[in-house]
Amino acid sequence: MTRFAAFSFFLGGSLSTAMAASDMQGMDHSQMSGMDHSQMPGMSHAAMKPAASTESHTPIPALTDADRAAVFTSHGGHQVHDSVINTYFLADKLEWQNGDDASTLAWDLSGWIGGDIDRLWLRSEGERSNGKTEDAEIQALWGHAISPWWDVVSGVRQDFKPGAPQTWAAFGLQGMALYNFEAEATAFLGENGQSAVRLEGDYDILLTNRLILQPTAELNVYGKNDPQRGIGSGLSNTEAGLRLRYEIRREFAPYIGVTWNRTYGNTASYAREEGEDRSETRMVLGVRLWF
């Protein structure tokens, strides 16, 4: 091929390509619907394949009344949460205390039965020293939730020791405040015009997921002297404690700790007459459990 012939062939091919591109730019794309794409140069069938549909080929049938009835019938219906009766029991303190004069077995128990709003609460606490019950009481209270974290309670308290048995009417407030600070404030009206107020609180400090340090405090105030039971008017006694427990299981946790007990005013005077100390420190060893 001569140089002139080669040049003519190259020029002819370039002009053909340019004319084809010009025709494509001016074409109405709506007219390409009937075009055979296999005839388009450089275009593969895979590139021209439409995207897969996202719609299900098997439509979901509409929910009917018969379907709803079948669910309720087969499962016995759905109960509202606050109508379910539940129970709970906690032995917050079940411990041996090493006192100055004698060893003491002490307990602080509580539990409830009921729903989310209304519950029957039972509480008991006391001490036994040298095989003799020194202090024992039980409370039966009806609790009503006034918020997600607080209940008002009312009921009766029965003292068995010290002295002769005594019955009190009880009114109070209990719940959780300040990031897991458990608090109880209860007022009592007893026989012969006696009155009392008790404040209790405890707080769990998580050292690890299972090792927990629990500070506790209790304060008792009485309205008048009761020499038979060794109780004086005003601030009668306080108890502070620090217990370190290890939760082998969440429901079972042994602990060790220390408590500080102190009496005040006429209560301290009655204690001295009985040969007892005004204040006392005790080492404690016990177990905390719930179910």
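Glu 125, Glu 137, Arg 157, Asp 159, Arg 198 and Glu 218 are linked in a network of salt bridges. A salt bridge here is a side-chain nitrogen of Lys or Arg within 4 Å of a carboxyl oxygen of Asp or Glu. The structure holds 15 of them.

This is a predicted model, in which local features need pLDDT of at least 70, side-chain atom pairs count only at pLDDT 80 or more, and totals for chains, interfaces and linings use all residues. Residues are numbered from 1 along each chain as its sequence is written, and side-chain values use heavy atoms, with hydrogens and water left out.

Three individual pairs follow.

| Pair | Closest N to O |
|---|---|
| Arg 123 – Glu 184 | 3.6 Å |
| Arg 245 – Asp 204 | 3.0 Å |
| Glu 280 – Arg 282 | 3.2 Å |

Arg 123 lies in strand β3 (residues 118–129) and Glu 184 in strand β7 (residues 181–190), so their salt bridge ties together parts 61 residues apart in sequence. Strands (E, at least two residues) are DSSP runs, numbered from the N terminus. Arg 123 is buried, at 9% relative accessible area. Glu 184 is partly exposed, at 24%. Buried means under 20% relative accessible area, exposed over 50%, and partly exposed in between (1.4 Å probe, protein chains only).

Arg 245 sits in strand β11 (residues 234–246) and Asp 204 in the loop between β8 (195–203) and β9 (205–206), so this pair ties together parts 41 residues apart in sequence. Arg 245 is buried, with a relative accessible area of 3%. Asp 204 is partly exposed, at 23%.

In the third pair, both Glu 280 and Arg 282 are buried.

Methods
Helix = DSSP H or I, 4+ residues; strand = E, 2+ residues; numbered from the N terminus.
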